[in-house]
Amino acid sequence: MWYNNGMKHDLYIGVDVGGTKIAAALVKDNGKIVRRKKIPSPANSGPKEVISAISGIAEELIADEGVKKRSIKGAGIGIPGIVDEHGTVVASPNISLSGVNICKEIKENLSIPVLAANDVNLGILGEKYFGVAKGYKDVIGIFIGTGLGAGVLIKDKLLLGSHGAASEIGHMIIDPNGPKCSCGNRGCLEAHVGRWAIERDIRIQLRKGRNSVLNALLSPGRRVIKSKMLARALRAKDPLVTGVMKKAACITGDACVSLRHIFDPRLIVLGGGVIEACGNFMLPFIRNRLAKDRFFSKLSKCKIAVSQLGDNATILGAVAFCRKG
Ligand SMILES: [Zn+2]
């Protein structure tokens, strides 16, 4: 128990492990962030370094805030990969943790209870307990950043599947003859609407000599077309970027229609860097595709909302995951 202005609170630690950075926060049981920290992920190193970085950032949060370890009820960790029910990381392509029982290792270091799950699954759990999906039981979260991550909540519970690998909506094949995906398959949703796919489509057109405001924004050494650059081009009504983004938005909308038929959610939460930057442009197309759905037209509307928690969704979801036990 932790006292703050005379109020008693249980404290938790939420960690969001990414391929480039590890973010963590000390969080009250009501979802209020007390202290947050961010460090670069250890580059080109093994599981030992990653585990010690995660334990280190948690220890620093506890020490910096000057709280007793026994007032921390637990730590939740979001991993960019597949985590089984025992806390073992089955696969994590962007960070060296495959085969590691992350819960056991971190628990040994911190001496507090530790739970771990996929980062995007925890993101939608965060939105359910502390964000835009509060009060909803059946929710799908779709996060479009460089890739496309997703999570599905059915009757308040995360859909994990038999290996903890469910809800990989980004890798459902929507066109078997479509472009190659980051996962090795062909024609996945991510290969059409992930930021890297949007960038690929734009660059194909630029190489063909098509004019775009991006030509001025892209200095020769610049290798990435960031979401904010896409948003600037959209504001400038750039025809190339507008066309590519409209196509991506419509495909996302079609995916939402298919997902609605499979899961029948009340709410679909959209988030991630592409949506944060370009959501205003994309959402009307996505809503329009859902509105045109004839099959479910007699059912009450499935709402579309933008993520409220942004960068903190996974951290807060990890806390909600721990809090529920
Ligand atoms: Zn794929």
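User: Happy to dig in! Which residue is the bridge partner of Ile140 in β11?

Analyst: Good place to start, and do keep in mind that this is a predicted model. Strand β10 covers residues 139–144 and strand β11 covers residues 148–154, and the two pair in the antiparallel sense over six bridges. A hairpin of three residues connects β10 to β11, and Ile144 has Leu148 as its bridge partner in β11. For Ile140, the partner in β11 is Val152.

User: Which residue of β13 is the bridge partner of Phe143?

Analyst: β10 also pairs with strand β13 (residues 267–271). Those two strands run parallel and are joined by five bridges. Within β13, Phe143 is matched with Gly271.

User: What is the strand order in the open sheet of five strands?

Analyst: The pairing in this sheet is mixed: β10 is antiparallel to β11 and parallel to β13. The edges are β12 (157–158) and β14 (303–306), each pairing on one side only. Reading across the sheet, the order is β12-β11-β10-β13-β14.

User: Are the residues of β10 buried or exposed?

Analyst: Let's take the two sides of the strand in turn. Val139, Gly141 and Phe143 point one way, while Ile140, Ile142 and Ile144 point the other way. The strand is mostly covered, with six of its six residues in the same class, and that class is buried.

User: And Lys155, is that residue buried or exposed?

Analyst: Lys155 sits in the loop between β11 and β12. Leaving out residues up to four places away in sequence, Lys155 touches Lys137 and Asp138. The C-alpha atom of Lys155 is 9.6 Å from that of Pro265, a residue 110 places away along the chain. Because Lys155 has 7 C-beta neighbours inside 10 Å, the residue counts as exposed.

User: How far apart are the centres of domain 1 and domain 2?

Analyst: The domain assignment gives domain 1 as 2–126 + 313–324 and domain 2 as 132–307. Where they meet, 12 residues of domain 1 are in contact with 15 residues of domain 2. Taken over C-alpha atoms, the centres are separated by 27 Å.

User: Which element gives the most to the side of domain 1 that touches domain 2?

Analyst: By class, that side has seven nonpolar, three polar and two charged residues. Two elements give two or more residues to it: β7 (82–83) and α3 (119–130). With five residues, the one giving the most is α3.

User: How many of the 12 residues of α3 are buried?

Analyst: The length of this helix checks out: at 1.5 Å a residue it should span 16 Å, which agrees with the 16 Å between its end C-alpha atoms. Its buried residues include Asp119, Leu122, Glu127 and Phe130. The helix is largely enclosed by the rest of the structure, because the number buried is 11.

User: Which residues touch the most other members of the largest nonpolar core?

Analyst: This core has 90 residues, and it lies between domain 1 and domain 2 because both give residues to it. Setting aside neighbours within four places in sequence, Ile77 is in contact with residues including Val15, Val17, Ile54 and Ala318. The two that touch the most other members are Val15 and Ile77.

User: Which residue of β9 stands opposite Gly78?

Analyst: Strand β6 (residues 72–79) and β9 pair in the parallel sense over five bridges. Strand β9 (residues 114–118) is mostly covered, with five of its five residues buried. Opposite Gly78 in β9 stands Ala117.

Methods: Residues are numbered from 1 along each chain as its sequence is written. This is a predicted model: local features need pLDDT of at least 70, side-chain atom pairs count only at pLDDT 80 or more; totals for chains, interfaces and linings use all residues. Two strands pair if DSSP finds at least two bridges between them. Helices (H or I, at least four residues) and strands (E, at least two) are DSSP runs, numbered from the N terminus. Domain bounds come from an automatic or database domain assignment. Two residues are in contact if their C-beta atoms, placed from the backbone, lie within 7 Å. Ala, Val, Leu, Ile, Met, Phe, Trp, Tyr, Cys and Pro count as nonpolar, Asp, Glu, Lys and Arg as charged, and the others, Gly among them, as polar. The expected span of a helix is 1.5 Å times one less than its number of residues. A residue is buried if 20 or more other C-beta atoms lie within 10 Å of its own, exposed if 12 or fewer, and partly exposed in between; C-beta atoms are placed from the backbone. A nonpolar core is a set of buried Ala, Val, Leu, Ile, Met, Phe, Trp, Tyr and Cys residues joined through C-beta atoms within 7 Å.
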